[in-house]
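Work through the following exercises with the sequence and the structure side by side, and try each task before reading its solution.

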Amino acid sequence: MTARTLLVIGGTSDIGLAIAREYAAHGWDIVLTARNPDDAARNAADVQTRSGRAVRVLPFDVLSAASRDELLTNLEPLPDTVICVVGVLGDQARGESDPAHASEIIRANFEGPALILDALAARMITRGNGTLVGISSVAGVRGRGSNYLYGSAKAGFSAFLSGLRNRLAPKGVHVLTVLPGFVRTRMTEGLKLPPPITANPAEVGRAVFRAAEISRRNVIYVRAVWRLIMAIITAIPERIFKTLKL
Ligand SMILES: NC(=O)c1ccc[n+]([C@@H]2O[C@H](COP(=O)([O-])OP(=O)(O)OC[C@H]3O[C@@H](n4cnc5c(N)ncnc54)[C@H](OP(=O)(O)O)[C@@H]3O)[C@@H](O)[C@H]2O)c1
């Protein structure tokens, strides 16, 4: 039997590496993408050495239409599961006075991931099966003053994934939305994260594999406590919420 294949869009990411390790440990072959393939070579070697599975790297920049076309041309065969982990936290304060930076945050977290997943969805519909996974964020559940450029882009991405799931459910293609909560990675380096609500990348890898390939969940929080935290945050009336320093 031929091995199933996972495509990780954002193959240099710490969360992407953990997910690739988890899938490879379950016998999947792996394709990683990276803006600069050399940057993903170390992750590819890591996954290959640990698992003995086939791992290759393809170039892809989510902000470039030409790069998207190239990836779609080179992606043969179509992977069984595609996971988009691309994201840019960016600098909210800088984005408030630098439209180019604000645009990068919005496009890298929403437009780019949405367009590549939409293109891959069309191919999975033709084949009649597949799984698409988007790594979104709890930051998209309610906009906060300290990171609303990132948060609003993730909100757009979550809504996109919800609509995609609704459209693809009758066509045999599953869509999973992942809301990781805090995770200790390169993206959050230097931030003070409370340990009880902070996951490590390996935990995210295990949760994603289970939800995408075994229990076929629709939306997951990696640590369940985040469901409660976000329920409380969404219940705060706007007239109070707008006065809080968040
Ligand atoms: N860490 C957390 O606490 C946390 C919490 C919630 C959600 N998330 C989400 O989880 C995902 C993975 O994040 P992480 O923590 O693993 O951070 P990370 O290591 O910084 O990964 C971010 C990834 O996005 C890629 N990327 C950025 N711009 C790109 C572009 N234009 N084209 C292609 N790839 C691009 C980066 O590639 P380069 O190496 O080329 O820059 C990198 O692979 C992100 O979507 C993030 O928003 C993280």
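The exercises below concern a predicted model, and each task is followed by a worked solution.

**Exercise 1. The chain as a whole**

Determine how the radius of gyration of the chain agrees with that of a compact globule, and describe the make-up of the chain.

Solution. Begin with the elements: the chain has 9 helices and 9 strands. Next, take the extent of the C-alpha trace, which spans about 60 × 35 × 35 Å along its principal axes. For 246 residues a compact globule would have a radius of gyration near 18 Å, and because the chain has 18 Å, the two agree. Then turn to burial, where 42% of the 246 residues count as buried. Finally, consider the contacts between residues at least 6 apart in sequence: 66% of these join residues at least 24 apart.

**Exercise 2. The shell around the ligand**

Which residues are the closest to the ligand, and which element supplies the largest share of the shell?

Solution. The ligand is surrounded by 28 residues, and the closest are Thr12, Ser13, Gly87, Thr185 and Met187. Sorting the shell by element, one finds that helix H1 (14-25), helix H5 (99-127) and strand E7 (182-183) each supply at least two residues. The largest share, 3 residues, comes from H1. Sorting the shell by chemical class instead gives 14 nonpolar, 9 polar and 5 charged residues.

**Exercise 3. Two packed helices**

Decide whether H5 and H6 are roughly parallel or roughly antiparallel.

Solution. Two packed helices are described by the angle between their axes and the distance between the axes. For H5 and helix H6 (residues 148-168), the angle is about 10 degrees and the axes are 8 Å apart. Angles under 35 degrees count as roughly parallel, and therefore H5 is roughly parallel to H6. The residues of this contact divide into 16 nonpolar, 2 polar and 1 charged. On the H5 side they include Ile105, Phe110 and Leu117, while on the H6 side they include Tyr150, Phe157 and Leu164.

**Exercise 4. Unusual backbone geometry**

Where are Pro77 and Arg216 placed, and what is particular about the backbone at each?

Solution. Recall beforehand that most residues other than glycine have a negative phi, and that most peptide bonds are trans. Pro77 lies in the loop between helix H3 (65-74) and strand E4 (81-84), and the peptide bond that leads to Pro77 from Glu76 is cis, with omega near -5 degrees. Arg216 lies in the loop between helix H7 (201-214) and strand E9 (219-221), and has a positive phi of about 55 degrees although it is not a glycine.

**Exercise 5. Buried or exposed?**

Classify Arg216, Glu96 and Ser158 as buried or exposed by counting the C-beta neighbours of each inside 10 Å.

Solution. The cut-offs needed are these: a residue is buried with 20 or more such neighbours and exposed with 12 or fewer. Arg216 has 11 C-beta neighbours inside 10 Å and therefore counts as exposed. Glu96, whose place is in helix H4 (residues 92-97), has 12 and so counts as exposed. Ser158, whose place is in helix H6, has 22 and so counts as buried. As a last step, look at what surrounds Ser158: leaving aside residues up to four places away in sequence, Ser158 touches Ser136, Gly140 and Thr177. The C-alpha atoms of Ser158 and Ile135 are separated by 8.7 Å, although these residues are 23 apart along the chain.

Notes:
Residues numbered from 1 in each chain as written. Predicted model: local features only at pLDDT ≥ 70, side-chain atom pairs only at ≥ 80, totals over all residues. Near = placed C-beta within 6 Å. Helix = DSSP H or I, 4+ residues; strand = E, 2+ residues; numbered from the N terminus. Nonpolar A, V, L, I, M, F, W, Y, C, P; charged D, E, K, R; others polar. Rg over C-alpha atoms; globule rule 2.2 N^0.38 Å. Contact = placed C-beta atoms within 7 Å. Axes fitted to C-alpha atoms, helices over the stretch in contact; angles between N-to-C directions. Parallel < 35°, antiparallel > 145°, perpendicular 65-115°, else oblique.
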